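Let's take a friendly look at the charged side chains of a protein and see how they pair up. Have the sequence and the 3D view ready as you read.

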Amino acid sequence: MAALRWKSEPTDTISAPSALRVYVEKTEEEKKEEEISLFTKYYSEWKGGEKRDSSYKNIPRFYYRLPAEDEVLLQKLREESRAVFLQRKSRELLDNEELQNLWFLLDKHQVLPMTGEEATINYDSFLKVGEKAGAKCKQFFTARVYAKLLNGDPYGRISIMQFFNYVMRKVWLHQTRIGLSLYDVAGQGYLRESDLENYILELIPTLPQLDGLEKSFYSFYVCTAVRKFFFFLDPLRTGKIKIQDILACSFLDDLLELRDEELSKESQESNWFSAPSALRVYGQYLNLDKDHNGMLSKEELSRYGTGTLTDVFLDRVYQECLTYDGEMDYKTYLDFVLALENRKEPAALQYIFKLLDMENKGYLNVFALNYFFRAIQDQMKLHGQEPVSFQDVKDEIFDMVKPKDPYKITLQDLVTSSQGDTVSSILIDLNGFWTYENREVLVANDNDSSADLDDT
């Protein structure tokens with residue numbers, strides 16, 4: 001009975017193995033708590049002591065609200081402060097007198113022997129010139145700049161002319177950036193279309209090559225010039241361009257090249273911003289506008305170039321591009337011209353690809369290629385030519401492009417293959433297709449002509 005009673009009585013005791021297990025578990029928890037406590041302590045000390053407030057109040061301010069349109073005083077304050085800042089930055093740049101002094105010092109410290117007719121300077125003399133040139137020049141006299149200009153000289157020297165041109169280029173870039181920033185009304189590092197129009201309009205009187213332009217043509221010239229910047233530098237059509245992108249591209253160089261009073265005729269013809277080029281583009285627009293309403297209908301645009309663009313392609317132009325009552329204005333026409341005259345450029349291929357991608361799938365399949373090439377075949381019949389088989393052309397296009405997917409051609413495939421201009425010409429322009437189809441004959445004729453000139 002005693003034994004039975006002992007078994008039935010409740011007890012709070014725990015067996016020895018269970019007690020040991022609980023003890024071990026508690027010890028692990030304590031270790032973890034101690035580890036977290038020590039980590040917090042040392043991390044706080046490393047960050048500046050436990051007393052330092054680690055709340056959100058210590059996060060540096062990184063957003064400053066732009067003044068609203070009705071906050072006139074704040075807007076004026078912002079404009080004035082930006083103008084003062086840009087003036088200060090402008091004063092930090094080397095002026096003409098300081099550049100002349102720098103050239104004098106470099107020439108004085110040149111090191112013999114000369115490499116051909118080019119004066120050179122070694123690193124020791126380079127540093128001496130840096131000390132004498134003044135504080136403004138300090139940024140140019142670094143080991144990194146020197147190493148960048150090393151060009152295999154056996155004595156480890158650099159060309160004085162190359163270094164001076166490097167300095168001049170840097171000064172010009174900073175001057176231009178400051179000049180562009182003055183037109184950045186928002187102060188956000190980009191220019192809107194109206195900002196760039198104001199910049200170019202005020203630049204015209206400083207460009208001797210544009211002296212012959214009549215003032216009545218200024219607005220059309222500005223539109224023509226600005227359109228090139230926005231077509232190539234604003235592919236997403238956001239309506240603004242980063243100032244950094246403007247400086248990085250060659251367009252500004254082409255525009256400022258018009259300061260050269262002795263610019264050759266060939267250079268002017270190849271420069272989009274020159275007076276002859278702008279007048280050519282605008283003259284073409286006027287010639288196409290047969291009803292003189294200032295706009296181009298599809299029928300009027302069909303006479304563009306050699307007049308061999310297909311109706312199917314022109315239909316897509318008027319479906320996708322901005323029109324007014326089914327007619328195209330000058331600004332939309334400029335995008336069209338820039339795309340067709342620069343078919344090798346990614347921005348131009350993007351423009352054309354959007355027109356070819358009828359279903360907006362992001363790729364061209366056999367159906368899309370057949371749809372556009374059928375119009376080329378129809379034009380060939382009209383001109384009494386035997387239509388070329390689509391299957392042959394399709395195989396050639398896929399062989400040229402070599403797309404990742406053997407059944408689809410993407411925009412990236414066209415850009416990567418460097419054949420985008422050829423493919424687009426085959427699909428949209430009978431003259432372009434004819435040139436491709438007869439390329440071997442044309443090359444042979446060119447070679448024969450070259451041989452005849454050599455014989456004479």
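The text below walks through some salt bridges in this structure, which is a predicted model.

A short reminder may help before the details. Side chains that carry opposite charges can pair when their charged atoms come close. In this model, 16 salt bridges are counted. Three of them are set out here, each with its distance from N to O.

| Salt bridge | N to O distance |
|---|---|
| D195 and R192 | 3.2 Å |
| E193 and R227 | 3.3 Å |
| E359 and K361 | 3.3 Å |

Let's begin with the pair formed by D195 and R192. Is D195 buried or exposed? D195 has a relative accessible area of 2%, so this residue is buried. Its partner R192 is partly exposed, because its relative accessibility is 36%.

Next come E193 and R227, whose side chains also meet in a salt bridge. Which parts of the chain does this pair tie together? E193 belongs to helix 8 (residues 193–203), while R227 belongs to helix 9 (residues 218–233), so the bridge joins parts that are 34 residues apart in sequence. R227 has a relative accessibility of 7% and therefore counts as buried. The two residues are also members of a network of salt bridges that links E193, R227, K331 and D335.

Finally, look at E359 and K361, another salt-bridged pair. E359 is partly exposed, with 46% relative accessible area. K361 is partly exposed as well, with a value of 41%.

Methods: Residues numbered from 1 in each chain as written. Predicted model: local features only at pLDDT ≥ 70, side-chain atom pairs only at ≥ 80, totals over all residues. Heavy atoms only, no water. Salt bridge = Lys/Arg side-chain N within 4 Å of Asp/Glu carboxyl O. Buried < 20%, exposed > 50% of the residue type's maximum accessible area, 1.4 Å probe, protein only. Helix = DSSP H or I, 4+ residues; strand = E, 2+ residues; numbered from the N terminus.
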